[in-house]
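I'm opening the notebook for a new structure today. My plan is to start with the ligands and then move on to the fold.

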Amino acid sequence: MESKAQRNVSFRGSEDFLDIELKEPVDHAAGYLGVREALKHTFKEMGVLRSMRSLLRMNQKDGFDCPSCAWPDPEHPSPVAEYCENGAKALGDEATTNHVDANFFKKNSVEELSLLSDYELNKCGRLVEPLVLRPGSVHYEPITWNDAFQLIASELKKLDHPDEAIFYTSGRSSNEAAFLYGMFARALGTNNLPDCSNMCHESSGVALGETLGIGKGSTTLEDLYEAEVILIAGQNPGTNHPRMLSALEKCKQNGGKVISINPLEESGLVNFKNPQNINGWIGGGEDMADIHLPVNINQDIPLVKLILKKLIALDQISGNVFDHEFITTYTQGYDALLKDLARYKDKELLEQTGVSEDSIDKTVALLANKSKIIVCWAMGLTQHKNGVENIREFVNLLLLKGAIGKPNTGTCPVRGHSNVQGDRSVGIQHFVDKGLNERIKNYLGFTPPDHEGVDVVGSMKAMYEGKAKIFMCLGGNFLMAASDTEYTAKGIQNCDLTVQISTKLNRTHLVTGKTALILPTIGRSEKDMKDGKPRHFTVENSMGRVKQSKGILKPASDKVMSEPEIIANIGRAYFGDNHPMDWKALGADYELIRSQIDQVAKGFENTEERSQGAGYYLPNNVRNLDFSMLPNGKAQITINSLPEHTLQKDEYMLMTIRSHDQFNTTIYGLNDRYRGVYNARRVIFMNPEDMKAVGLKKLDVVDITSTYDQTVRTAHKFKVIPYTIPSGNLASYFPETNVLVPFNHFALRSKTPISKSIKVRLVKK
Ligand SMILES: Nc1nc2c(c(=O)[nH]1)N[C@H]1C(S)=C(S)[C@@H](COP(=O)(O)OP(=O)(O)OC[C@H]3O[C@@H](n4cnc5c(=O)[nH]c(N)nc54)[C@H](O)[C@@H]3O)O[C@H]1N2
Ligand SMILES: Nc1nc2c(c(=O)[nH]1)N[C@H]1C(S)=C(S)[C@@H](COP(=O)(O)OP(=O)(O)OC[C@H]3O[C@@H](n4cnc5c(=O)[nH]c(N)nc54)[C@H](O)[C@@H]3O)O[C@H]1N2
Ligand code: SF4
Ligand SMILES: [Mo]
């Protein structure tokens, strides 16, 4: 069912070109330039004094957790600076002194604002008071908090079924807020709890759950320091997890080797200057990757298969390349895997990878002799049709080498948002967990629904088909993050009510349901006061450690409210004061929320005390080599087929990636320093030989089209940039290219959209 846009809003914003400038990509990450860039941005956004004061408290024991990525802090943080360039940018972005208030919306209609680019929208600043967009109106206007809560409650009461409401979460929320949110949805009667991780590491969760019995990674930060080999597949740490480079540096100083598996030679992996030590300021820096394997997009499975085949051949001679005792004791499926691998021809696998045999042989020689191996990965593995299989194939490698559950070994899915892992741990999930439901019944006193809810892809479809009427978002920018932007926009516009609990203005505030609410919230870096006392909340990092975070800055305005309080108020407005969950008390007292988390969420215990200081690790069965929850009580070696990768003669494989100047849909700036691109985002990176073959020249303008199920989708006007990328592969930025990702093509089982392998054509303008 298609619906007419109720307001004349743009889904994409400005598509104009600015004065693009190209330079050589930088050959090293961080160092002096990184720090200078970060401080420049942060000073401009939030002033010098506030910046210095808050940066010193970021990632420190009595301070606040960096709002950017989920990379863990060391147990003993450096007292001077425990942050990176992008952490500082995230802080500056959140704590900006630019504000958007009711007056701003009085002057600017949503139709006018929608013509701005995502970069310009974010620059407008912090949302500082609750606002409502009434049916038919094009201007947001002020609303009191109480009226906003009553409006939500009355709309929810009109629903025929609780499944007509959808509750999205982005991974920046605290454990406390996410817990209340998840329990509110369940108390209402729905598991419609889509989450940004559905678009992110869901493939990792599924693959690791199937093979190792837990959807999380098994390594700790300290494990990386003394690993012998770290493989980094489909991840760009120099931009997205910059402090990971310090851990890699430590590993290398201890004699470890780093192998990068990536179609691109990403900056931080080539050369890294650590701004925290003197060599990093003035010296030549470290060469991070000892071996770089420039694999074709989505050809990691053939690559790992070939590595395994070569290791098997060596093992058959020496008998000690694989850990046979480990394989017999802890795994099942070894013989079946050997049999399956024998079906493949080395030469065909090699051709598919696009990598030189010499560098694969070097990798094999390195892996053959080592046992302390860690695999790190991110979106380059998860966002493909075969995302789950990609990860299972790397797990095979680890299991054969016995590199699981022992010190300095294991799986390291590097998470995105700072608390995306915690949100899932405290109950943001659309599927039914019987154990969780039992505990909710026993400890919280209500019966949660026992039917599955919708994930991100399911939400898009439900809204498009008019099956969902209320769409609420705890953070994030659903419209620009989800695939198939125009489809998603139509879906959102079908809703009666959309509610955004947010810090910064974004396009999901402009493309809305008939009625829309903006509920502005306190940021990570800001003080959360109650009765004159500051409150803290808890987060879980990428390696499963739970710790406290306490903001230090004055909130953006006295009209913003904390996330837990907003949710508790909605709970109270809907359920009143006679509900088994005491919403009023929960909104006021986070300690009470934490005690409920301890009772209901798996592995949490005595959080109030244990989350102090460096915090505590949640239980992880892999670290104890306990696979009792899996078939025959063993870790599963799996058989994974080769990815489907047929391209028509004029087609290319496109990956949608992040620039150095963005956090997901939040565009901090228009430069991608590490890739040498300045003042532009509508660019497409292309192999120079491929350009020559089709007569394209540097900075030529093309439309990018994708055709799936006879539907042609177009991303308009991109400038071509010659770049070191394997032939047949293209790269472009997300979210500008999300219009190309079909809503109904996603990873099998995890349903993560195929954002890293889109078949496209280029049409010269
Ligand atoms: N500064 C900053 N930090 C961030 C974010 C941000 O936007 N900005 N986002 C956060 C979030 S939510 C996430 S999920 C993470 C994302 O962190 P990343 O996953 O590092 O982010 P992407 O830019 O999507 O990069 C994917 C990498 O995979 C490579 N790649 C793509 N396809 C393939 C493939 O088929 N095989 C292999 N081997 N490699 C491939 C790309 O070249 C690229 O280097 O970062 C988090 N941290
Ligand atoms: N094509 C393509 N699409 C992708 C990806 C890709 O690589 N390619 N990556 C996917 C991935 S990995 C992810 S995680 C998603 C990201 O999807 P989302 O999490 O939905 O998007 P973000 O851009 O992180 O959300 C930014 C907004 O969050 C709000 N916000 C920021 N901080 C806070 C806070 O503390 N509290 C609250 N309540 N709100 C806050 C601000 O209003 C800001 O505008 O995108 C996915 N989409
Ligand atoms: S690595 Fe990630 S968490 Fe650490 S300071 Fe940088 S952006 Fe923040
Ligand atoms: Mo993510």
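**Entry 1: ligand 2**

I began with ligand 2 and looked up which residues sit around it. There are 30 of them, and Tyr168, Ser170, Ala481, Glu563 and Thr665 come nearest. I should jot down early that this is a predicted model.

Next I went after polar contacts. Arg172 has a side-chain N or O atom 3.2 Å from a nitrogen atom of ligand 2. Gly476 uses its backbone instead: an N or O atom there lies 3.0 Å from an oxygen atom of ligand 2. Arg658 joins in with a polar side-chain atom, 3.1 Å from an oxygen atom of the ligand. How much of ligand 2 does the protein cover? On its own the ligand has 930 Å² of accessible area, and 97% of that is covered by the protein.

I sorted the shell by residue type too. It splits into 16 polar, 9 nonpolar and 5 charged residues.

Then I asked myself why ligand 2 counts as lying between two domains. Both domain 1 (122-199 + 419-523 + 557-604) and domain 3 (645-764) give residues to its shell, so the ligand lies between them.

**Entry 2: ligand 1**

On to ligand 1. Its surroundings hold 31 residues, with Asn262, Glu266, Asn298, Gln662 and Asn664 coming nearest.

I had already met Arg658 at ligand 2, where a polar side-chain atom is 3.1 Å from a ligand oxygen. Arg658 turns up again here, with a polar side-chain atom 2.8 Å from an oxygen atom of ligand 1. Two backbones help as well. A polar backbone atom of Met379 is 2.8 Å from an oxygen atom of ligand 1, and a backbone N or O atom of Thr239 lies 3.1 Å from one of the ligand's nitrogen atoms. Alone, ligand 1 would expose 910 Å², but the protein buries 99% of that.

Which elements give two or more residues to this shell? I found helix H11 (237-240), helix H20 (379-382), strand S24 (652-657) and strand S25 (662-663). By type, the shell has 15 polar, 12 nonpolar and 4 charged residues. Domain 2 (202-413) and domain 3 (645-764) each supply at least three residues to the shell.

**Entry 3: ligand 3 and Asn59**

Ligand 3 was next. Its surroundings are Asn59, Cys66, Ser68, Cys69, Trp71, Tyr83, Cys84, Gly87, Pro242 and Arg243. I sorted these into 6 nonpolar, 3 polar and 1 charged.

I took a second look at Asn59. Its phi is positive, about 65 degrees, although Asn59 is not a glycine. I traced Asn59 to the loop between helix H2 (48-55) and helix H3 (85-94).

**Entry 4: domains**

I checked how the chain is divided up. Domain 1 comes in three pieces (122-199 + 419-523 + 557-604), while domain 2 is 202-413 and domain 3 is 645-764. The C-alpha centres of domain 1 and domain 2 are 37 Å apart. Their contact takes 7 residues from domain 1 and 4 residues from domain 2.

**Entry 5: a sheet**

I followed one open sheet of 6 strands, in the order S6-S5-S17-S16-S15-S7, with mixed pairing. Strand S6 (141-142) and strand S7 (165-169) stand at its edges with a single partner strand each, so one side of each has no neighbour in the sheet. My reminder to self: strands in a sheet pair through backbone hydrogen bonds, parallel or antiparallel.

So which sense do S7 and strand S15 (residues 470-474) use, parallel or antiparallel? They pair in the parallel sense, over 5 bridges. I also noted that Ala165 stands opposite Ile470 in S15.

**Entry 6: a cis bond**

Last thing on my list was the peptide bond joining Phe734 and Pro735, which is cis, with omega about 10 degrees. I placed Pro735 in the loop between strand S31 (729-733) and strand S32 (758-764).

Methods:
Residues numbered from 1 in each chain as written. Chains lettered and ligands numbered in written order. Predicted model: local features only at pLDDT ≥ 70, side-chain atom pairs only at ≥ 80, totals over all residues. Heavy atoms only, no water. Near = heavy atom within 4 Å. Polar contact = N/O pair within 3.5 Å; in protein donor to acceptor, adjacent residues only side chain to side chain. Areas by Shrake-Rupley, 256 points an atom, 1.4 Å probe, with all protein chains shown as cover. Helix = DSSP H or I, 4+ residues; strand = E, 2+ residues; numbered from the N terminus. Nonpolar A, V, L, I, M, F, W, Y, C, P; charged D, E, K, R; others polar. Domains from an automatic or database assignment. Pairing = 2+ DSSP bridges. Contact = heavy atoms within 4.5 Å.
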